[in-house]
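Okay, thanks everyone for coming. Could you pull up the structure on your screens so we can walk through it together?

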Amino acid sequence: MRSFLPAYDMRVPLELDEALETMAREPGEWKPFAGGTDIMVLLEQGKLADRKFLSIARLKGLRGFTVSDDHVTLGAMMTYRQVQATTILQQEFPLLCRAACETGGIATQNRGTLGGNIANASPAADSPPALLIYDAELELVSAQGARWVPYAGFHVGYKKINMRPEEMIRNIRLPRTKKNWRQYYRKVGTRRAQAISKVCFAGAALVDNGGITGARIALGSVAPIPLRCRKTEALLQGPLSTEMIQASADQLEREIQPIDDFRSTARYRARVGQKLLEEFLLGLMTTPAGRPA
Amino acid sequence: MPETAKLAVSFQVNGQPHTVEAYPMARLLDVLRRDLRLTGAKEGCGEGECGACAVLIDDELVNSCLVPVAQVEGCKITTIEGIAGETLHAVQEAFIECGGAQCGICTPGMVLAAVALLERHSAQPTEDDIRSGLAGNLCRCTGYMRIFEAILQACEKRAGADA
Amino acid sequence: MAPPSTAMSGRFIGKSIARKEGRQKVTGRAVYVDDMEMPGMLRGATVRSPVARGRLRDIRLGNGIPWDEFTIVTAKDIPGKNCIALILDDQPCLADQTVNHVEEPVVLLAHEDPYLLEEARRAVELDIEPLPPVFTIDESLAQKQVIMGEDNVFKAFLVESGDVEAAWNRAHLIVESEYETASQEQLYIEPQGMIASFDSEQGLTVWGSMQCPFYVHRALMTLLALPVNNVRVIQTETGGGFGGKEEYPSMIAGHAALLAWKSGKPVKIVYDRMEDMAATTKRHPSRTRHRTAVTRDGKLLAMDIEFIVDGGAYATLSSVVLSRGTIHAAGPYFCPNVRIRSKAVATNFPPHGAFRGFGAPQSIFALERQMDQVAKALDMAPEEFRRRNFVREGETLAVGQIVREKIDLPALMDRALELSDYHAKRQRFAEENPRRQVKRGIGLASFLHGGGFTGSGERYMASVVGAEATPEGQVRVLAASTEMGQGTNTVFTQIAAEALEVDYDLIEIAQPDTSIVPNSGPTVASRTCMVVGKLVEAAVLGIRQQLVTTGLLPLRGYTSEQFRTACREYIQRHSALKATSEYSAPPNVYWDDEKYKGDAYGAYAWAVYVAEVSVDTTTYEIRVDDFVAVQEVGRVINPVLATGQIEGGVAQGVGFALYENVVWREGRMVNSQMTNYIMPTSADLPRIRVFFEEVPYAHGPGGAKGIGELPIDGPAPAIVNAIENAVGVSIKRIPVTPEALMEALENVHA
């Protein structure tokens, strides 16, 4: 453990309001701390620049979920384990459940939270591509009030998010609009389980007799941020054909910006990203509605 | 440099109440090992990859190297030292019989992961359930085969006992 | 699936007796070095070079740290010789005027506050004037920079039989290729750790995680200029070693000892995973060139092998790794003309060292891949080509050793092929693959592994094992062999109980403590059961001999209780009951160190492994779906433990082949965390199916031969052979990452 522990502080507020007031009083000084599965690794490495934390993992205002006709709203402190166990998510947002299964092992899934994962803003995270597919919205809350923002656009650069220092994520809202969409999720990691992704692909398409009438394509680990590939989506309209598959694969390669790092290569990420797109599109022929490939 | 004050944190470990004075971000792993002298949980990687530090917090499997002690106020913690009662747990017996432990360093975390797995699966877990249930616990010695066998044996004993 | 049952069971030998220290391990009561605390104990830390090669000009202690509270040690403090005594004694304990690898230790610090210690470690500045480093085997051979000796070569061997040059002209076919293996980290789950305590009267005591207490003992004597009885080394429960704790512990023990000596307090140094991975030894990377001539009917005519390993910055055990790799380079085949030229060269990487297999996984990878290439060139099935060339009883191996064991390799291979359903699968995969995204393949490797030290090694080692009776009537075995999970304690107990014909519980195994146990040699080289186990048997029989001679025990037919009583009685009369047994080489074993020829090992274990893989052509991921491991091992002392050894070794071999990749930048390992250095999880491994054959070896206990390293020799070539079967590309370098496979497949299609 390489950090000088006496330099770090953590408080455990009893209510959400208390946490928000502290953050408002000293903006940027106090950071929310959820399950800790990312922050504690930095502490261990001696690389944790932030010093003061507010434990929010058990705050009532951040837990649980609600269901309305139009939305499923998840508390930011919902753990991956809880995501997997929630029936309506299994039924209508299966890619999020898939992502939750792929994130670490059981111990990580018991502690890791959706909100913490989003705020950590790693481009290699497993849930963001699914959240982008589902047009997720985030509720950002501060002592001043709350506002909703689309998740798309929340990431503005490598590990940079569009959120004020006195705000935190309270809810993640998923519009119930993809029930009838064909859905696909595939993460390619460094090994079968407990792996950081090298390429992560999420896709959804609305298909009728005339072909594709709506598409969502989102990838992780191929850009500084989780990437919604709108230009590629734009080519996915109408009857599925070899030409469409080829054209969208070419467009995908232009839209993503993968790098070489010690986990993988840019060439591999690009090539496999294309192949996953192809697999998704070919699978549209056979997959029943709503079930992930 | 400015120093954070230590915090008094109270929690239960293996049924016993404890209060420790510790820096709030002290790892639960270190508090267990150094302050409470419960050295069963081990440090294998310090980043939540190997599972050697696994404990149960409120019956959920977690990596104690990633938990700041400030977050366990009021929690119920179970370590490997609390798994055996008057007699060994069925998982522990099975590990001995089937050769599930070689060097033993991953064993405390592995036993806890197995106990948690059995709690999650009231019916017989499949081999896939076992593989994914243990995927967060790395073992370098065994290749996992004897461990799977131990868990299957513990399940069978449980099924036999329930029958 | 139960582990295999074996014929020839005695009361204990051949039985799956539960692990002796199993109960402590499953209850978390086993005591590893980091579990130990002592009053007044300080923590120690090491400041290391960030640069691969350079001149150390200055050491500066930064501001903001209360340095007067710290114990600080540098090279000039060392009371004895500044080296880690091993073979060449070239490796400094602390860098003095030059540094030769990243992470080379330079300064030691101790303080009671572990957090302040880390701050202090960060605050030490090393002023190093960089020099041009050497990072590849080719650069080292080219000698543009001479970084070691005259020519960068730690060691070289030449093995010759017949006349390779004359054979080329007679060849029907010649196949040439080059193979590479990379560094591999041992990744024992318990990081390295030591506690040292120094007292001007008693001297130095060291506790820690290690495989070889007497290696550490010798190194500490040299480093601190202490006489033999003033150094005591005690092995604590060791959480995995695999060779990684063969020589490195002498370094960390030396560091803890220096801090303890200077501070007058006990000092504990335990590495975190990042430091352990980056700074300690790893498997030697290798490059092997094969040139093979065959006759028209597929018989080996000549094998010309060049085998080179990268030793890193200091010699450590490179000469011995090279030796074993060299001797195993031509495998279990008969070839009338063989030449093996091998070298261990220096580079500016952290020194490479022992890792299970010890040179053999490297040379066997190359050989078994080459065998498949030659078979392909002959348009012959790989198993058929091997069948025609397997060595038989009475024929010689490459070093000229006549095989005197009753080994039937064709039958061993047939068993492996049958158990893996090899032929049917090969055919089915060939039919189905064209229509499938996920392509399947099956491949094999056949190999051997010598038990014990090479040649005259065991004779020089002159291992001694002791046994003593305790006042309670127990028999305690005194050996330096360490338990690190492989089952030493259990197997020794079984051997002793069987020999004495007493209850299992009557036998104790002493904790390896150099003040109590004689030097039975290091726990390495697949020798613990086969060589030391035999000495255990003799030593305990020596105890019984004394009881019988003094009339306290009949020669046979006694109960355990009577045995105990006899021991107690003897001790009452004579105050102690002890026996020792010293190694003597089996008869008719001759080895020529100069010519590097003769009987390299007393016995070999033989194996054929079959791997079934699937290759996903969408993601280029490779998965091992089934693995069959068949081996002939003399005698299985404990089926569960032996099976566990094979399964664990195969798992490490799968890692070696597919997952484990050390990423080096400027001579530094940059992926030194478990997140980024990938070992297989339970989800990545197949069922590993293990089968034993037993042809008893006369000089092993119960007939047993060594098996510790054997299982890591075969998986990599079997897997890469299977990949070739699945997708038609011939890969010559491991690990075969999906990225590497993609490049290989796309090059083929380009």
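Quick bit of vocabulary before we start: a helix here is a DSSP run of H or I with at least four residues, numbered from the N terminus. You'll need that in a minute, when we get to the end of a helix in chain B. Also, please keep in mind that this is a predicted model. Its scores are ipTM 0.98 and pTM 0.97.

Let's begin with chain C. It has 20 helices and 28 strands. The radius of gyration is 26 Å, close to the 27 Å that the globule rule gives for 750 residues, so chain C is as compact as a globular protein of that length. If you rotate the C-alpha trace onto its principal axes, chain C spans about 75 × 75 × 50 Å. Of its 750 residues, 63% count as buried. And if you take the contacts in chain C with a separation of 6 or more, 81% of them come from residues 24 or more positions apart. On confidence, the mean pLDDT of chain C is 96, with 99% of its residues at 70 or more.

Now zoom in on one strand of chain C, β24, residues 621-632. It's mostly covered, with 9 of its 12 residues buried. Which strands does β24(C) pair with? One is β23, residues 604-616 of chain C, which runs antiparallel to β24(C) over 11 bridges. Look for E612(C) there: its bridge partner in β24(C) is D626(C). Those two strands, β23(C) and β24(C), make a hairpin with 4 residues between them. In the turn sits Y620(C), with a positive phi of about 65 degrees. Another partner is β27, residues 687-693 of chain C, and this time the pairing with β24(C) is parallel, over 7 bridges. Here V628(C) has R689(C) in β27(C) as its bridge partner.

Okay, on to what chain C touches. Let's take chain B. The contact uses 40 residues from chain C and 40 residues from chain B. On the chain C side, α1 and α17 are the elements that give two or more residues. The largest share of that side, 7 residues, comes from α17(C). By class, the chain C side has 17 nonpolar, 14 polar and 9 charged residues.

So what does chain B put up against those helices? Find helix α2 of chain B, residues 90-98. Of its 9 residues, 7 are buried, so α2(B) is largely enclosed by the rest of the structure. The buried ones are A90(B), V91(B), Q92(B), E93(B), A94(B), F95(B) and C98(B). What do they pack against? Within chain B, it's α3 (107-120) and α5 (145-162). From chain C, it's α1 (22-26) and α17 (639-659). And here's the helix end I promised: right after α2(B) comes G99(B), with a positive phi near 80 degrees.

Stepping back to chain B as a whole, the domain assignment gives domain 1 (7-82) and domain 2 (90-162). Their C-alpha centres are 22 Å apart. Where they meet, 14 residues of domain 1 of chain B are in contact with 11 residues of domain 2 of chain B. Strand β3 of chain B, residues 54-57, gives the most to the domain 1 side, with 3 residues. That domain 1 side has 9 nonpolar, 3 polar and 2 charged residues.

Chain C also touches chain A. There, 20 residues of chain C are in contact with 22 residues of chain A. On the chain C side, α2 (114-123) and α20 (738-749) each supply at least two residues. The chain C residues facing chain A divide into 9 nonpolar, 6 polar and 5 charged.

Last stop is chain A itself. How many domains does the assignment give for chain A? Three: domain 1 (5-55), domain 2 (60-175) and domain 3 (182-283). The C-alpha centres of domain 2 and domain 3 of chain A lie 21 Å apart. Their contact takes 20 residues from domain 2 of chain A and 21 residues from domain 3 of chain A. On the domain 2 side, the elements giving two or more residues are α5 (94-102), α8 (127-133) and β8 (155-157) of chain A. That domain 2 side divides into 13 nonpolar, 4 polar and 3 charged residues.

That's the tour, thanks for listening.

How values were computed
Residues are numbered from 1 along each chain as its sequence is written. Chains are lettered from A and ligands numbered from 1 in the order in which they are written. This is a predicted model: local features need pLDDT of at least 70, side-chain atom pairs count only at pLDDT 80 or more; totals for chains, interfaces and linings use all residues. A residue is buried if 20 or more other C-beta atoms lie within 10 Å of its own, exposed if 12 or fewer, and partly exposed in between; C-beta atoms are placed from the backbone. Two residues are in contact if their C-beta atoms, placed from the backbone, lie within 7 Å. Domain bounds come from an automatic or database domain assignment. Ala, Val, Leu, Ile, Met, Phe, Trp, Tyr, Cys and Pro count as nonpolar, Asp, Glu, Lys and Arg as charged, and the others, Gly among them, as polar. The radius of gyration is taken over C-alpha atoms; the globule rule is 2.2 Å times the number of residues to the power 0.38. pLDDT is the predictor's confidence in each residue, from 0 to 100. Two strands pair if DSSP finds at least two bridges between them.
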